[in-house]
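Student: I'd like to go through this one with you. Could you show me the model, and then I'll ask how each label is earned?

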Protein chains: 2
Amino acid sequence: MERNNTVSLFETISTLLEKKRYATLRDILTTLNPVDIAAVFEDLQSEKSAILFRLLPKETAADTFVEMDEETQELLIHGFSDSELKEVIDEMYVDDAVDLIEEMPANVVKRILRQADPETRQQINKIMNYPEDSAGSIMTTECVILRPKMTVEEAIKRIRRTGIDKETIYTCYVADNQATLIGIITIKTLLLSEEDEVIENIMETNVISVNTLDDQEEVAQMFNKYNFLALPVVDKENRIVGIVTVDDAMDVMEEEATEDIQKMAAITPTTDKPYDKVGVFETYLSRIPWLLILMVSATFTGMIITGFEDALAGTVVLSAFIPMLMDTGGNSGSQASVTIIRALSLGEIEFKDIFMVIFKECRVSLLCGVTLAAANFAKIMLFDRLVLGNTGITPMVALVVCLTMIVTIFFAKLVGCTLPMVAKKIGFDPAVMASPFITTIVDAISLMVYFAIATALLHI
Amino acid sequence: MERNNTVSLFETISTLLEKKRYATLRDILTTLNPVDIAAVFEDLQSEKSAILFRLLPKETAADTFVEMDEETQELLIHGFSDSELKEVIDEMYVDDAVDLIEEMPANVVKRILRQADPETRQQINKIMNYPEDSAGSIMTTECVILRPKMTVEEAIKRIRRTGIDKETIYTCYVADNQATLIGIITIKTLLLSEEDEVIENIMETNVISVNTLDDQEEVAQMFNKYNFLALPVVDKENRIVGIVTVDDAMDVMEEEATEDIQKMAAITPTTDKPYDKVGVFETYLSRIPWLLILMVSATFTGMIITGFEDALAGTVVLSAFIPMLMDTGGNSGSQASVTIIRALSLGEIEFKDIFMVIFKECRVSLLCGVTLAAANFAKIMLFDRLVLGNTGITPMVALVVCLTMIVTIFFAKLVGCTLPMVAKKIGFDPAVMASPFITTIVDAISLMVYFAIATALLHI
């Protein structure tokens with residue numbers, strides 16, 4: 001159990017820096033994980049950062065740098081000499097260098113690209129040309145490529161010689177002279193095979209790969225489905241151009257889950273920065289569009305109420321149940337929509353399942369509707385009428401409310417399950433169809449049903 | 001690109017089974033990934049399943065079995081002879097065997113345990129004794145343990161000899177005679193070091209580990225933070241008892257995200273089965289509790305409206321704005337709560353940040369409130385009053401609505417950000433505090449504010 005408490009670690013390091021105890025600091029730094037060191041950097045003043053960074057062991061420096069937030073990275077780069085910058089860039093994996101470049105302002109980017117060696121620069125440019133959120137944009141080009149005619153001994157030798165610069169050596173890729181991907185072989189298989197065995201006889205030929213242009217969410221889902229540690233990325237001619245590793249897939253999974261959650265709560269995802277790093281204005285911008293849209297669309301509910309102004313003036317007791325009916329409808333609808341959206345994004349259901357889904361939601365909605373209506377009838381008659389003594393609430397009013405509830409829940413679940421599936425089918429993002437949007441539709445439906453039933457049964 | 005279309009694959013295999021083309025089937029099966037084969041099994045009739053399973057290459061059979069859903073597994077087990085069952089169990093990793101046992105009915109569990117060899121049975125029992133959702137319950141005991149005084153050559157020899165049964169060989173653990181975890185070393189380091197190098201000189205001694213009783217969500221977050229492929233699990237005496245691998249961590253991440261999303265939508269998470277496998281009644285049970293609770297709590301909003309019955313009877317125009325005010329308040333509140341809940345569960349913020357959070361949400365709420373109030377004032381005066389010609393809507397009424405909106409949004413964001421943090425602090429699940437719960441509170445607040453401002457400004 002050596003999980004470090006970053007706060008006290010920060011104080012120790014800060015004090016030692018103050019006292020210029022550089023030898024002690026060097027010793028401490030060798031015992032720490034780069035992720036934890038990076039957290040310390042984020043709280044240090046910039047001149048201290050530069051000193052501390054120079055105390056890092058060379059092999060840890062790049063790993064630590066990669067884990068810092070962009071402000072800290074930018075500050076450090078400004079303090080770097082050209083040769084220091086070159087050292088860090090050369091030690092970084094290409095996909096991390098691409099992430100860095102995407103975050104930095106133009107002048108810093110120019111400096112970075114000038115210091116990278118030509119081959120690295122070429123690889124960076126290649127990855128940066130793939131569309132955002134594609135497999136190509138999250139891959140790294142540094143993987144171990146073996147030839148089919150190699151023996152296990154030759155393969156292990158090649159890995160020993162070139163492995164140091166590769167992001168993973170645990171899955172190796174077998175390609176022919178045209179770089180066409182023909183097999184994969186894990187280091188486990190290599191180590192457990194005889195040394196004179198030929199690669200093509202022991203490699204796995206049923207290769208599952210993704211295309212450079214495939215969506216990163218799909219790629220992450222494949223990791224989850226097949227439990228891979230790395231997935232090869234190929235171009236249209238099935239030539240291997242890179243790999244995506246499981247750590248990047250986990251980041252994508254987390255990012256996509258956060259985005260879905262935000263969209264379900266009527267927030268426009270604008271950034272993948274953590275909460276405490278997002279400014280007030282940026283937060284405002286991500287929240288105001290849907291609030292405006294939903295406020296304006298609530299005009300319809302207002303118009304429906306206005307249309308029944310006379311009925312309401314005569315039977316004011318009806319108004320008292322409007323919030324409860326609307327909330328219950330909204331909650332029922334979002335239960336269905338959120339369930340369906342999550343199932344869609346985990347690939348559990350597809351559009352072709354729409355009738356199965358509708359049939360199921362209808363049955364669930366009837367069960368829920370009847371239960372709630374019964375509970376509500378009892379509550380109205382016992383609590384509202386007897387305990388609170390509101391004699392305006394006749395059994396007929398209670399019946400109107402309860403019938404409305406059953407019908408509303410039915411429509412809420414129906415709309416809630418159908419809309420996300422249709423949205424996905426026609427190419428919209430199903431998550432945007434979640435709670436708030438459906439609440440607005442269900443509000444309008446519930447009011448119309450309410451007033452229709454009230455008019456019919458109460459003769460108003 | 002060899003992603004298989006499971007539907008057409010199912011038809012091919014089904015037809016070949018019908019025609020008893022077993023040799024062809026055997027050939028096809030060797031080219032497929034166990035995950036895809038498992039999907040075919042789930043759609044087959046049980047007698048066909050048994051035949052197909054016997055055609056699987058021995059090494060693929062267990063991997064395929066692990067990927068099937070529990071119904072299919074149970075059906076197959078019923079068809080297995082004891083020796084077939086033993087073969088599958090022996091080939092499975094211990095953590096997968098535990099997952100299987102947890103899903104099966106008691107009589108099947110007994111059969112499984114009887115067939116497992118004594119050592120496996122002991123390991124299964126050990127893992128099953130850890131509390132649900134703990135690191136111990138998701139770990140596997142099959143990992144490579146090395147000794148500090150071994151040379152690299154000896155270590156690689158041991159891995160070659162024992163690696164076949166280990167879930168991962170990529171990270172090896174160094175322990176002393178008391179099994180105390182003293183270091184870790186990756187196979188990459190081993191392969192890239194000289195053969196006569198001693199393990200203790202090249203191993204990583206800054207070991208990050210988890211305790212058997214740590215929560216699985218915390219464990220998954222550590223994978224995400226440190227980009228590990230495996231994480232050692234130790235007991236209170238720091239003795240290594242197992243490892244958690246990244247594929248299990250990904251499953252936990254996905255499961256926890258789904259649970260959070262369900263809770264935010266007022267669904268009680270009852271199962272981690274995919275949507276299409278959950279029965280209607282089970283779905284009903286997971287949805288009805290919160291619907292009931294929220295319906296009953298909406299009684300308060302009804303009581304508030306009843307309290308202002310006279311005001312409403314006199315100025316029915318006020319009723320028309322109730323849904324819009326309530327919805328906008330609810331949406332604002334859930335934007336804040338959902339953002340905070342996600343930030344809490346990703347570890348971006350903690351309880352000590354509560355004042356930072358409140359200060360930020362207050363500023364965001366004022367920006368949102370003023371924007372929406374201005375837009376709403378314009379909409380009411382131009383559309384509702386001029387276009388629809390509703391002369392009951394005076395500028396004073398518009399002012400009441402817009403002031404209410406600002407105050408409501410302020411309280412909505414305040415409640416929305418505070419409640420989840422306080423819930424977490426006192427040991428409740430913050431996700432349960434999300435949208436629906438907050439909507440109910442905000443509804444009550446917005447109505448009270450509305451009627452208070454209306455009473456003051458409209459003198460009713």
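Tutor: Happily; here are some terms set against their definitions. This is a predicted model, where local features need pLDDT of at least 70, side-chain atom pairs count only at pLDDT 80 or more, and totals for chains, interfaces and linings use all residues. Residues are numbered from 1 along each chain as its sequence is written, chains are lettered from A in the order written, and side-chain values use heavy atoms, without hydrogens and water.

Student: Why is Phe300(A) called exposed?

Tutor: Exposed means over 50% relative accessible area, against under 20% for buried and in between for partly exposed (1.4 Å probe, protein chains only). Phe300(A) has 53%, so Phe300(A) counts as exposed. Its place is in helix α18 of chain A, a helix being a DSSP run (H or I) of at least four residues.

Student: What makes Glu361(A) and Arg287(B) a salt bridge?

Tutor: The rule asks for a side-chain nitrogen of Lys or Arg within 4 Å of a carboxyl oxygen of Asp or Glu. Here the N to O distance is 2.7 Å, so the pair meets the rule. Across the interface of chain B and chain A the rule finds 4 salt bridges.

Student: How many residues are in contact between chain B and chain A?

Tutor: With contact meaning heavy atoms within 4.5 Å, 131 residues of chain B touch 130 residues of chain A.

Student: And what area is buried between chain B and chain A?

Tutor: About 11,300 Å², with 63% from carbon and sulfur atoms; buried area is the accessible area (1.4 Å probe) that two parts lose on being put together, summed over both.

How values were computed: Helix = DSSP H or I, 4+ residues; strand = E, 2+ residues; numbered from the N terminus.
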